[in-house]
Amino acid sequence: MPFADTILQRLKRIKARAFEDRSRARERASTLFKFKYACFKDLLASNTELLNIITDLEAKLRGQEVFGMSYVRSQATRAVFHTLKMVKSLDDLSGRHFAAFFPIIDNLNSCIKAELGQRKELTVTEWVLPYSGITREMADWVGGKNANLGELLNRVGLPIPEGFAITTAAYHYFLEQNDLVDEINRLRRHLDLHDPHAITNVSREMQDLIRTAPAPVDLELTILSSFDRMAERIRETSDETRREIRTALRSSAIGEDSELSYAGQYTSVLNVRREKLIDTYKEVLASLYTPRAVSYRLAKGMRDEDIAMSVACIEMVNSIASGVMYSRDPSNPLADEILIEAVWGLGSYAVDGIVTPDNYMVSKDGKATVVIERISRKPVQLVGLPEGGLKEIPVKLEKQDAACLSPEQIQKLAEYGLLLEKHYEYPQDTEWALDDHGRLMILQTRPLHLENRQAATSKEFPRADGYSLLVEGGAVVFPGIGFGPAVHVKSEEDLETFPAGGILVARHAEPQFVMVMTKAQAIVTDTGSVTSHMASLAREFGVPTILDTKTATVSIPPGVEVTVDAYSARVYEGLAPELLNLRRTRDSIMKDTPVFRALRKVADRIVPLNLTNPAAANFAPQHCKTLHDIMRLVHELSYKEMFAISDLVSDHQGPSAFRLVAPIPLDLRIIDVGGGLTGASSFSKRVTVDQIASVPFRALLDGMLHEDLRNQGPRPIHLGGFLSVVREQMFTPPGTAERFGDRSYAIVSDYYLNFSSRIGYHYSVLDTYCCETASKNYITFSFKGGAADEIRRNRRARAIAAIFDALGFMVEVREDRVAARYYKHESELTREKLDMVGRMLQFTRQMDMLMQCEGSVEALAKTFLEGNYALDHGAWSQLLGSGASTHKT
């Protein structure tokens with residue numbers, strides 16, 4: 001018996017150890033699976049982000065959207081980061097089997113950095129240069145404004161004020177001596193063109209750094225000595241030997257007056273005394289980082305490395321009258337006439353739209369004949385004070401309605417305008433002043449951007465009948481049609497919250513509006529001139545704009561949808577469809593810019609997809625040529641790694657992959673990470689709908705299995721859409737269109753679902769969490785692809801977006817991609833939305849073939865939202881009302 005007891009005890013110990021071993025194995029398997037699941041979730045999150053980045057880059061490469069180098073750097077950095085994160089997650093998920101990806105990413109990252117790292121080298125070391133030594137070719141060191149003043153003096157022979165240029169070498173020296181370069185670069189990383197609030201905050205921090213930094217002593221002495229020499233020359237040529245000389249400090253940033261006009265984006269300070277010279281110089285430097293200047297650079301594609309500030313320090317002209325001159329009328333360039341505008345006092349009130357100026361249209365007939373003369377009422381003027389600074393004063397009563405210029409002065413200015421246009425071989429935008437000795441001086445000149453308006457000016461635009469006319473009359477700055485809700489702008493805060501697609505309505509024409517010109521459908525103001533800075537910006541951005549309407553802010557109620565006709569200077573209440581047909585496609589303003597060329601080179605390392613077939617021999621790391629290739633390969637490999645997890649553990653040690661048995665056209669595989677399935681048999685590897693315990697997955701399946709969807713009859717297919725699919729697949733070059741695998745996947749837990757459906761050329765991903773805590777609940781959905789041409793794919797994407805929008809989701813559409821979000825709602829409401837998403841997934845299959853016209857976008861969304869899931873031939877034809885040829889399939 002003792003021997004038998006010993007044997008029994010040993011067997012019990014062996015059994016206990018075996019049980020402990022199995023328990024530890026299950027625990028290790030559970031820990032391992034949770035780790036791999038966490039890696040997989042990280043990988044999926046980065047895959048979504050990277051797909052968004054690529055879609056955004058594709059849209060920017062069309063050249064119709066504005067962006068800056070900070071955008072290119074940010075997106076390139078994010079693309080590399082998320083690609084690396086995907087590879088790291090896959091490597092961890094697989095047990096370190098994919099290290100081969102890392103040197104490929106390093107190489108691509110090095111190539112991208114090389115494209116982003118190029119910058120110009122500064123070769124001029126002088127801090128101050130006299131205008132007698134400056135020509136147009138020196139713009140890289142003195143800026144366009146200073147270079148043009150030197151050009152005017154030395155090559156055109158026109159009169160300019162006394163002065164000198166403080167070069168960009170001085171700017172760089174100022175920053176270096178105060179250790180500001182790294183700090184400003186750090187702040188730049190927080191800039192985002194689509195976040196005006198962030199731009200405002202970061203810009204103010206940058207400006208404060210410059211304002212509070214001391215000027216280096218040697219730089220200060222150099223500037224003041226140059227000022228003293230200028231003052232001595234002025235006194236020697238005038239009768240006022242004791243006159244106190246005051247100056248105007250004007251920004252002359254690199255690129256400011258080149259082909260990309262920086263109209264009004266930087267600070268110019270008038271009537272500055274000697275003791276305020278250095279502080280004012282710092283203020284002008286700081287204006288390089290005003291919110292509107294930063295927004296402009298981001299929008300217009302200027303590389304940050306190429307930005308530097310030179311300053312024009314010129315004699316303050318005691319202006320009797322001032323204004324602007326266009327060597328060609330910007331609102332009617334076909335007339336080929338010179339436009340001169342004038343106000344009393346300093347010209348700021350003309351270019352800023354404060355006072356409506358006198359208007360002279362002068363013929364180029366060799367006699368400078370005044371074709372049109374409009375003398376406005378000018379009640380106030382801006383003047384310089386003896387102690388420095390500026391002041392608005394009333395214009396003497398007898399001069400308020402009088403002309404600012406004599407016929408002889410108009411003729412002389414017109415001669416100057418012809419000389420400038422001939423010299424620069426391009427129409428010019430020129431500021432001028434008339435001093436108290438009767439001398440006309442040119443203060444600055446820059447290229448005048450003219451769009452091709454021949455088609456617009458050849459049309460007659462009668463009043464649209466049947467619509468309430470809110471505004472009629474004003475100055476058309478840029479012709480076109482805009483439609484949207486009226487948004488009254490009274491402050492920078494209003495600009496920060498300006499919605500995309502709004503109509504900007506304001507009292508004055510402000511250059512700060514540049515912050516939202518990429519969003520605004522049109523701009524309408526009470527006052528302003530076609531020669532104002534804001535008008536120049538509106539032309540560059542191609543925004544339909546009407547200024548000087550007198551009554552816009554009174555006649556156009558906030559929030560009311562209006563149609564702006566910037567051909568005939570009219571604004572109608574509501575939508576005028578016949579006018580929308582005259583909308584102009586905004587010309588590309590990016591494709592010839594340095595930043596677009598930089599984006600093209602960087603995007604070539606990110607966007608192209610060469611690995612399209614998972615079964616092909618080249619579907620391997622060593623054949624990855626772009627980040628998109630890596631993303632595609634890693635994403636495919638990750639699913640294989642997740643399904644291989646079930647092979648690592650026994651039936652009782654971990655979860656398994658199961659195939660869903662349900663009447664839906666999907667090969668759907670499920671991995672349960674905890675509580676997502678009930679009663680599942682690891683032997684059969686199959687589950688039914690009744691065994692789905694995951695709350696969000698069950699809600700989605702309820703929608704996909706909706707009775708009306710299961711009983712669908714044959715769908716109508718537009719013959720042209722079907723032929724489009726055939727044509728795309730026959731004639732699209734190999735490798736340019738991605739076909740996804742036919743297997744779909746669901747990662748489920750009790751409250752979590754990641755559903756990835758990959759059918760043919762369509763790819764949709766749903767990620768959701770749905771529990772009783774509303775703050776934790778969310779739904780994110782993305783859809784991309786299609787087998788038809790890109791027009792039909794885009795129409796289907798917009799139809800899907802319209803459905804999501806009606807369901808209360810936040811929606812974004814880019815090309816053929818839809819992204820939708822729904823956050824922090826109660827469990828019941830979240831489940832209802834998931835049910836509708838399930839229905840939508842089933843309803844929209846193969847719908848790109850049906851999208852034969854624009855009307856099909858609204859028709860498809862309307863049909864779904866009304867619950868007409870059958871989508872029979874007659875109903876679809878009736879909805880479209882087009883009589884188009886359709887067939888059943």
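Residues count as buried under 20% relative accessible area, as exposed over 50%, and as partly exposed in between. These classes are applied below to a predicted model, beginning with its salt bridges.

By the criterion of a side-chain nitrogen of Lys or Arg within 4 Å of a carboxyl oxygen of Asp or Glu, the count comes to 32 salt bridges. The pair formed by R698 and D690 has an N to O distance of 3.9 Å, which falls within the 4 Å cut-off. R698 is classed as partly exposed because its relative accessibility is 28%, whereas D690, at 64%, is classed as exposed. In the pair formed by K550 and D548, the closest N and O atoms lie 3.0 Å apart. The two partners of this bridge fall into separate accessibility classes: K550 counts as exposed at 52% relative accessibility, and D548 counts as buried at 15%.

The side chains of K378 and D358 also meet in a salt bridge, with an N to O distance of 2.7 Å. K378 is placed in the loop between β9 and β10 (380-384), while D358 belongs to strand β8, so this bridge ties together parts that are 20 residues apart in sequence. Both K378 and D358 are buried. In addition to these pairs, K88, D92 and R96 are linked in a network of salt bridges.

Strand β8 (358-362), which contains D358, also borders a loop with an unusual backbone angle. Most residues other than glycine have a negative phi. In contrast, A368 has a positive phi of about 55° although it is not a glycine. A368 is located in the loop that joins β8 (358-362) to β9 (370-374), and with a relative accessible area of 16% it is buried. A positive phi of about 55° is likewise found at E815, again a residue other than glycine. The position of E815 is in the loop between β30 (810-814) and β31 (817-823). The relative accessible area of E815 is 22%, so this residue is partly exposed.

The surroundings of S322 were examined next. S322 forms part of strand β6 (residues 319-326), and its relative accessible area of 2% places it among the buried residues. Two polar interactions involve its side chain. One is a polar contact of 3.3 Å with the side chain of S319; in the other, the side chain of S322 reaches the backbone oxygen of G345 at 2.8 Å. When neighbours within four places in sequence are left aside, the residues in contact with S322 are E341, A342, V343, G345, L346, G347, W432 and A433. G345 thus appears both in this list of contacts and as the residue whose backbone oxygen is reached by the S322 side chain.

Burial and exposure were also considered for two helices. Helix α9 (residues 277-286) is mostly covered, since 8 of its 10 residues are buried. The buried residues of α9 are L277, I278, T280, Y281, K282, V284, L285 and A286. For helix α1 (residues 2-60), attention falls on L11, which lies within this helix. L11 is exposed, with a relative accessible area of 52%. Together with I7 and I14, L11 makes a nonpolar surface patch of about 260 Å².

Finally, the cysteines were considered. A disulfide is a covalent bond between the sulfur atoms of two cysteines. A search of the whole structure returned 0 disulfides. The cysteine sulfur closest to that of C770 is in C771, at 7.0 Å, which is too far for a bond, given that a disulfide requires a pair of cysteine sulfur atoms within 2.5 Å. C771 is correspondingly in no disulfide, its nearest cysteine sulfur being that of C770, 7.0 Å away. Both cysteines fall in the buried class: the relative accessible area is 0% for C770 and 8% for C771.

How values were computed:
Residues are numbered from 1 along each chain as its sequence is written. This is a predicted model: local features need pLDDT of at least 70, side-chain atom pairs count only at pLDDT 80 or more; totals for chains, interfaces and linings use all residues. Side-chain values use heavy atoms; hydrogens and water are left out. Helices (H or I, at least four residues) and strands (E, at least two) are DSSP runs, numbered from the N terminus. Buried means under 20% relative accessible area, exposed over 50%, partly exposed in between (1.4 Å probe, protein chains only). Patches are made of residues with over 30% relative accessible area and no salt bridge: like charges are joined within 9 Å, nonpolar side chains (Val, Leu, Ile, Met, Phe, Trp, Tyr) within 5 Å. Accessible areas come from the Shrake-Rupley method with a 1.4 Å probe; for residues, only the protein chains shown count as cover. A polar contact is a pair of N or O atoms within 3.5 Å; within protein, one must be able to donate a hydrogen and the other to accept it, and residues adjacent in sequence count only if both atoms are side-chain atoms. Contact means heavy atoms within 4.5 Å.
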